[in-house]
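Student: I have a structure on screen and want to learn how to read it. Where do we start?
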Amino acid sequence: MLNFRGAKFIKSATSKLDRPEKKLKEVLFVGRSNVGKSSLINALVDNKSLCFTSSKPGHTRLLNYFEIKDSCYLVDAPGYGYSKAGHQHDENFAKMMEDYFSDNNELSLVVFLIDSRREVREEEMDLFNLFNADHIPYVIVLTKCDKLNQSEKAKAIKEINTSLSHVDKSNILFTSIDDKKSIESLQKYIANAIK
């Protein structure tokens with residue numbers, strides 16, 4: 001199994017051209033602002049201070065590359081949605097992601113984070129359609145699941161299937177940064193994706 005501990009920050013990049021020189025497989029973390037991308041990466045690598053986390057949405061503005069010991073990069077993308085920068089931020093995000101996804105042979109998996117307590121929004125549907133159109137492998141990670149009971153989890157899956165056109169249940173993971181088993185499940189999913 002891939003050892004996620006000992007991950008280190010390599011660099012921040014404004015585009016794919018500015019990525020690290022060493023070629024490794026990439027696992028991209030993408031989701032709305034404040035969905036918990038940085039916190040989830042910290043939980044995966046068992047280092048609470050690797051990724052800077054902020055309670056203010058829209059904090060991450062660049063693609064941040066974290067290396068997992070010569071195996072892959074975990075790439076933390078900027079959040080989309082609410083930002084004090086407004087529409088300009090959304091346009092910059094769209095351009096950055098379009099550039100990142102085009103002809104990216106290193107991309108092995110997108111970890112697509114969605115808040116389990118919220119409805120799926122148009123931006124999420126657009127991204128999901130992009131993954132399918134371009135045959136980009138993805139896993140949907142529902143975050144903050146420690147706050148859900150069983151019926152709320154069933155409702156969350158129904159919301160995903162209704163909004164995102166029948167996702168295979170094996171491509172949906174419930175996670176909480178406080179639930180070690182859910183973090184281990186995601187670690188295994190990533191390890192299989194980069195084999």
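Student: In which helix does lysine 153 lie?

Tutor: This is a predicted model. Lysine 153 sits in helix α4.

Student: Is lysine 153 buried or exposed, or partly exposed?

Tutor: Buried means under 20% relative accessible area, and exposed means over 50%. Lysine 153 has 24% relative accessibility, so it counts as partly exposed.

Student: Which residues does lysine 153 touch, not counting those up to four places away in sequence?

Tutor: Cys145, Leu148 and Phe174. For spacing, take leucine 142: it is eleven residues from lysine 153 in sequence, and their C-alpha atoms are 9.5 Å apart.

Student: Now the interior. How many residues has the largest nonpolar core?

Tutor: In soluble globular proteins, nonpolar side chains tend to be buried together. Here the largest nonpolar core has 34 residues. Leu28, Val30 and Phe101 are among those with the most contacts inside it. Several elements each supply at least two of its residues, including β2 (25–31), β5 (107–115) and α4 (150–163). Helix α2 gives the most, five residues.

Student: What does leucine 28 contact, beyond its neighbours within four places in sequence?

Tutor: Its partners include Leu63, Val75, Met97, Phe101 and Val110. There is also a second, separate core of 27 residues, with Phe66 and Leu74 among them.

Student: Why does the radius of gyration of the chain agree with a compact globule?

Tutor: A compact globule of 195 residues would have a radius near 16 Å, and the chain has 16 Å, so the two agree. Buried residues make up 49% of the chain.

Key. Residues numbered from 1 in each chain as written. Predicted model: local features only at pLDDT ≥ 70, side-chain atom pairs only at ≥ 80, totals over all residues. Heavy atoms only, no water. Core = buried A, V, L, I, M, F, W, Y, C linked by side-chain atoms within 4.5 Å. Buried < 20%, exposed > 50% of the residue type's maximum accessible area, 1.4 Å probe, protein only. Helix = DSSP H or I, 4+ residues; strand = E, 2+ residues; numbered from the N terminus. Contact = heavy atoms within 4.5 Å. Rg over C-alpha atoms; globule rule 2.2 N^0.38 Å.
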